[in-house]
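This report covers selected local features of one protein model. It takes up one residue and its surroundings, then backbone geometry, then internal and open spaces.

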Amino acid sequence: MSQPQAFQFALVSDGDVTEKEWRELARRAADLGYDALLVSDHVDQRLAPVPAVAAAAEVTDGLVLGTYVLNNDLRHPLMLARDAASLHALSDGRFQLGLGAGWYRVDYERTGIGFDPGRVRYERLREAVAICRSHWAGCAIEAGAHYRVRQEAQDPPCRHGGPRLLLGGTRRGMLSLAVQEADIVSVVPGLGPDGPTGLDDCSPARLDEKMAWIRAEAAALGRSPRLNHLVWECFVTPRPAAVQEALARAVGRTTGELAELACFLVGTAAQVRDTLLARRERWGFDYVTVPAAAAEPFAAVVAALKGR
């Protein structure tokens, strides 16, 4: 892989906001210097991601809008490819498609969709990615093992070359697929059907192992995708000690152990800046995503690292 690029920063919302709050968040993200605003995809959130992205595009200009991440099992991939192409065109090339195999059991229970084993969901995702890429390129699409799709070659292909694609995961197979197909690879802490599966997956040793997989795969393919760093909890404050202690107690770790876990960012603006520089140096993370709740305090870090 090539050397990390200059930092980019994104906010991610859980979509559990009012329509007014969502539009205000989009405007604020742009005003604060963020590069992107992303929204999650769960059936129990207030705003559905596709129309939310469209609404945010109407009230912003340069901001990238995207999903983190759509559950592939909730949508037919050809219809998803068409929606993504339309969003990309209507936003003048600003749509970023984050797509995943699905993991949250509630989404399956509420929709009545079978929660298949991980291997099956992975294979469906792989096939869906191929369908999306083919549709955006204007190529013919043939039926696969999971989707009965028939589409003739189209002209012209998708405007602006198609959306940027973000794929991620925690296991080697998913990360390998991401390196093969995605523009952005997101290294995600372990998730089970009911939520996060453990903090050890955020440890430096575990990330070293994952990044070794990614670098080897990327070198073999001659690819250099961006590396996305998803932060679960982010607190930028002039007095971080109390926050560190409270968060450490909540997750059953010492404050020293907490500081080593890459799914958390706690500190002053200068400390968080230095932490992100160190993580980029060690793991290559140059595209940082933090919760929307951290938008205002984290903006000082964005300003300090913009263009670096």
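In this predicted model, D41 touches P49, V69, L70, N71, L74, R75 and D107, leaving aside residues up to four places away in sequence. D41 sits in the loop that runs between β2 (36-39) and α2 (49-58). Its relative accessibility is 5%, and D41 therefore counts as buried, the cut-off for that class being under 20%.

Two of the residues touched by D41, N71 and R75, also take part in polar contacts with the D41 side chain. The table lists both.

| Atoms of D41 | Partner | Distance |
|---|---|---|
| D41, polar atom of the side chain | N71, backbone nitrogen | 2.8 Å |
| D41, side chain | R75, side chain | 2.8 Å |

V69, another residue in contact with D41, belongs to the loop between β3 (64-67) and β4 (70-71). The peptide bond that joins Y68 and V69 is cis, with omega at about -20°. A second backbone feature is found at D92, where phi is positive, near 60°, in a residue other than glycine. For context, most residues other than glycine have a negative phi, and most peptide bonds are trans. D92 lies in the loop between α3 (77-90) and β5 (95-100). Is D92 buried or exposed? D92 has a relative accessibility of 58% and so counts as exposed, since that class begins over 50%.

The structure has one cavity of 30 Å³ or more. The space in the largest cavity is about 80 Å³. Its lining consists of V187, V188, P189, D201, C202, L207, K210, H229, L230, A262, C263 and F285. By class, nine of these residues are nonpolar, one is polar and two are charged. At least two lining residues come from each of α7 (204-221) and β10 (226-230).

The second largest pocket holds about 320 Å³ of space. It is lined by 17 residues, and those nearest its centre are A259, E260, L261, T275 and R279. Two or more lining residues are given by each of α9 (255-260), β12 (264-267) and α10 (269-283). Which element supplies the largest share of the lining of the second largest pocket? That element is α10, with six residues. The classes in this lining are ten nonpolar, four polar and three charged residues.

Note on methods
Residues numbered from 1 in each chain as written. Predicted model: local features only at pLDDT ≥ 70, side-chain atom pairs only at ≥ 80, totals over all residues. Heavy atoms only, no water. Helix = DSSP H or I, 4+ residues; strand = E, 2+ residues; numbered from the N terminus. Buried < 20%, exposed > 50% of the residue type's maximum accessible area, 1.4 Å probe, protein only. Polar contact = N/O pair within 3.5 Å; in protein donor to acceptor, adjacent residues only side chain to side chain. Contact = heavy atoms within 4.5 Å. 1 Å grid on protein atoms, 1.4 Å probe; cavity = no way out; pocket = protein on both sides within 12 Å on 5 of 7 lines; lining within 4 Å. Points joined across faces, edges and corners; volume = space filled by probe spheres on them. Nonpolar A, V, L, I, M, F, W, Y, C, P; charged D, E, K, R; others polar.
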